Amino acid sequence: MIAYAEDLADLTAEQLDAACKEARRTSEFMPVSAAIRAAHEKMRTTGTVFLGPPLLAYTEEEEAKYCERCRPDGWVVTNGHAMRCDHRKKQ
Ligand SMILES: [Zn+2]
């Protein structure tokens, strides 16, 4: 795997290992780094490997911090203007 280290330096050891297994499974030949990266991208985009919570899921902290109008970033759009939500003043 050392020969691939430079090409795939941005992948973690875990991601690299998983991508190598997938590349070997789907490739007739000893996989090159491009095949490993392709396998990694495929797994990443198809969600085969768990890399974190879904983007649309809110953490409990965010749930408490923002109201339903300004989730998930604290901003609301009023008359075409983006403004910081004022829900904190009301509380
Ligand atoms: Zn709010």
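Among contacts between residues at least 6 apart in sequence, 23% join residues at least 24 apart. That figure comes from a predicted model. Burial can be put in numbers too: of the 91 residues in the protein, 10% are buried.

Now the elements. The protein has four helices and two strands. Read from the N terminus, their order is α-α-α-β-β-α.

Start with helix α1, which spans residues 13–26. Its 14 residues reach 20 Å from the first C-alpha to the last. That is close to the 20 Å expected at 1.5 Å a residue. Several residues of α1 are buried: Leu16, Ala19, Cys20, Glu22 and Ala23. What covers them? Part of the cover is α2, residues 33–46.

Helix α2 also has 14 residues. From first C-alpha to last, α2 reaches 20 Å, close to the 20 Å expected. Its buried residues are Ile36, Ala39 and His40. They lie on the same side of α2, because they cover an arc of only 100° around the axis. A general rule helps here. An α-helix has 3.6 residues a turn, so residues three or four places apart point the same way. The other side of α2 holds exposed residues: Ala34, Glu41, Thr45 and Thr46. The cover over the buried residues of α2 includes α1. Each of these two helices thus helps to cover buried residues of the other.

Next comes a loop. It runs between α3 (60–65) and β1, and Gly74 lies in it. Is Gly74 buried or exposed? Gly74 counts as partly exposed, because it has 15 C-beta neighbours inside 10 Å; a buried residue would need 20 or more. Leaving out residues up to four places away in sequence, Gly74 touches Tyr66, Arg84 and Cys85. Then there is His87, 13 residues from Gly74 in sequence. In space, the two are 9.4 Å apart, C-alpha to C-alpha.

The strands follow. Strand β1 covers residues 75–78, and strand β2 covers residues 81–84. They run antiparallel, and four bridges join them. Together they form a hairpin, with two residues between the strands. One residue in the turn is Asn79, which has a positive phi of about 50°. Thr78 stands opposite His81 in β2. Side chains in a regular strand alternate between the two faces of the sheet.

Key. Residues numbered from 1 in each chain as written. Predicted model: local features only at pLDDT ≥ 70, side-chain atom pairs only at ≥ 80, totals over all residues. Pairing = 2+ DSSP bridges. Buried ≥ 20, exposed ≤ 12 C-beta atoms within 10 Å, placed from the backbone. Contact = placed C-beta atoms within 7 Å. Expected span 1.5 Å × (residues − 1). Arc of directions from axis to C-beta.
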